[in-house]
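Student: I would like to learn how to read a few features from a set of coordinates. Please take them in turn.

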Amino acid sequence: PWKPVLLLLSPAGFSTTCARCAKDRRLRQKRAISERQLTRYFVDHRKVRVVGGKGGGGGQSFYSEPRKIFGGPDGGNGGDGGHVILKADQQMKSLSSVFPFYQGFHGERGGSKNCYGANGAHMYVKVPVGTLVKEDGKVVADLTQHGEEYIAAYGGAGGKGNRFFLSNENRAPKLFTPGEPGQERVLHLELKTTAHAGLVGFPNAGKSSLLRAISRAKPAVAAYPFTTLNPHVGIVDYQDYEQVAVADIPGLIKGAHQNRGLGTAFLKHIERCRFLLYVVDLSVPQPWLQLQDLKYELEEYEKGLSERPCVVIGNKIDLAQSRINLPLLREQVAERVIALSALTGDNLDELLLHLRELYDTYVKAEQSRGQSPVEW
């Protein structure tokens with residue numbers, strides 16, 4: 001016998017009690033990307049060949065209509081070629097989406113009746129904020145602000161139509177010129193991560209674990225050196241909606257300024273940091289020697305880099321040997337030392353408060369000089 005069935009429908013018109021429909025509506029979470037796979041997506045240098053658009057040729061025509069056969073030349077000029085423009089975009093975090101070749105659009109040819117050809121459209125290439133543009137080893141542009149533009153290759157000028165060559169001596173010129181080719185250049189793009197604070201330390205000091213603890217960044221964490229192969233940037237949010245960007249710089253070793261280990265490939269990312277967070281492993285013998293070696297490597301790479309505002313973070317305070325080394329470290333170090341554990345979360349509040357103090361000091365210094373502070 002036939003039995004009525006009651007279907008509960010949502011306002012959208014599909015069943016809310018169907019298990020299959022409910023499963024399809026679940027938010028799909030992104031799969032975690034390993035550090036090796038992330039290397040393909042994070043690119044901090046790129047060689048690019050840029051060519052401006054070619055200008056349109058000039059037109060050649062003579063005006064003619066009934067009762068006015070010899071109207072004279074009326075060929076218009078060609079349109080200019082489009083430029084190739086590099087534009088800094090805050091949403092871009094890597095040079096992986098930059099292609100090795102770009103060409104501007106060509107200008108159109110001049111038409112009859114003195115009609116000028118249309119100019120070629122400009123080709124805009126989005127690059128991350130903090131991109132350095134080099135040509136033949138020389139810096140030609142530094143894109144440090146959102147929306148900042150640099151014309152990488154100029155488009156060629158449009159040709160002249162025969163109307164342009166009209167004169168009293170030549171009343172019927174047939175001469176016209178072709179459009180000029182666009183400028184061609186080979187540029188090297190280099191990305192330097194722009195962040196407020198930089199985590200600097202030797203491998204396995206706990207930088208990635210610390211960044212995971214204070215932000216939502218997910219750098220790889222493992223018990224072997226050089227786990228992190230790419231700089232990661234985490235955002236620390238405060239209750240007043242202020243955001244502080246903290247960059248995890250991959251581990252340095254002795255001789256990094258001589259391009260040993262990961263070398264200068266990641267030392268350059270420290271240049272943009274406004275203040276530094278030295279991460280020291282308290283469980284090793286004489287942890288203050290780590291701080292001396294780190295400052296030496298930074299100073300050898302760039303003079304004055306180690307003199308930026310900083311704080312020393314003694315990590316792994318949850319270990320017994322770390323509690324013994326902590327007072328010895330404070331005796332040897334003139335800077336403020338914050339002891340914490342990125343694994344257990346002990347004393348993270350003190351770090352967040354001091355991080356905000358460093359950020360506020362930086363903002364006031366920039367405003368006093370009439371400059372706007374970097375916003376992530």
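Tutor: We go through the sheet, the salt bridges and the disulfides.

Tutor: This is a predicted model, in which local features need pLDDT of at least 70, side-chain atom pairs count only at pLDDT 80 or more, and totals for chains, interfaces and linings use all residues. Residues are numbered from 1 along each chain as its sequence is written, and side-chain values use heavy atoms, with hydrogens and water left out.

Student: In what order do the three strands of the open sheet lie?

Tutor: Strands of a sheet pair through backbone hydrogen bonds, either parallel or antiparallel. Helices (H or I, at least four residues) and strands (E, at least two) are DSSP runs, numbered from the N terminus. Two strands count as paired if DSSP finds at least two bridges between them. Here the order is S4-S2-S7, with mixed pairing. Strands S4 (123-128) and S7 (149-153) are the edges, each pairing on one side only. From one strand to the next the twist averages 30°, with axes being lines fitted to C-alpha atoms, for helices over the stretch in contact, and angles running from 0 to 180 degrees between N-to-C directions.

Student: In which sense do S2 and S4 pair?

Tutor: Strand S2 (residues 84-89) pairs with S4 in the parallel sense, over six bridges. Ala88 has Val127 of S4 as its bridge partner.

Student: How many salt bridges does the structure hold?

Tutor: A salt bridge is a side-chain nitrogen of Lys or Arg within 4 Å of a carboxyl oxygen of Asp or Glu. The structure holds eleven. One of them joins Glu184 and Arg49, at 2.8 Å from N to O. This pair links distant parts of the chain, with Glu184 in strand S8 (residues 184-191) and Arg49 in strand S1 (residues 45-51), 135 residues apart.

Student: Which residue forms a salt bridge with Asp142, and is that partner buried or exposed?

Tutor: Asp142 meets Arg272 in a salt bridge of 2.8 Å, N to O. Buried means under 20% relative accessible area, exposed over 50%, and partly exposed in between (1.4 Å probe, protein chains only). Arg272 counts as buried at 12%, while Asp142 is partly exposed at 31%.

Student: How many disulfides does a search of the whole structure find?

Tutor: A disulfide is a pair of cysteine sulfur atoms within 2.5 Å. The search finds zero. Cys273 is buried, with a relative accessible area of 1%, and Cys310 is buried at 17%.
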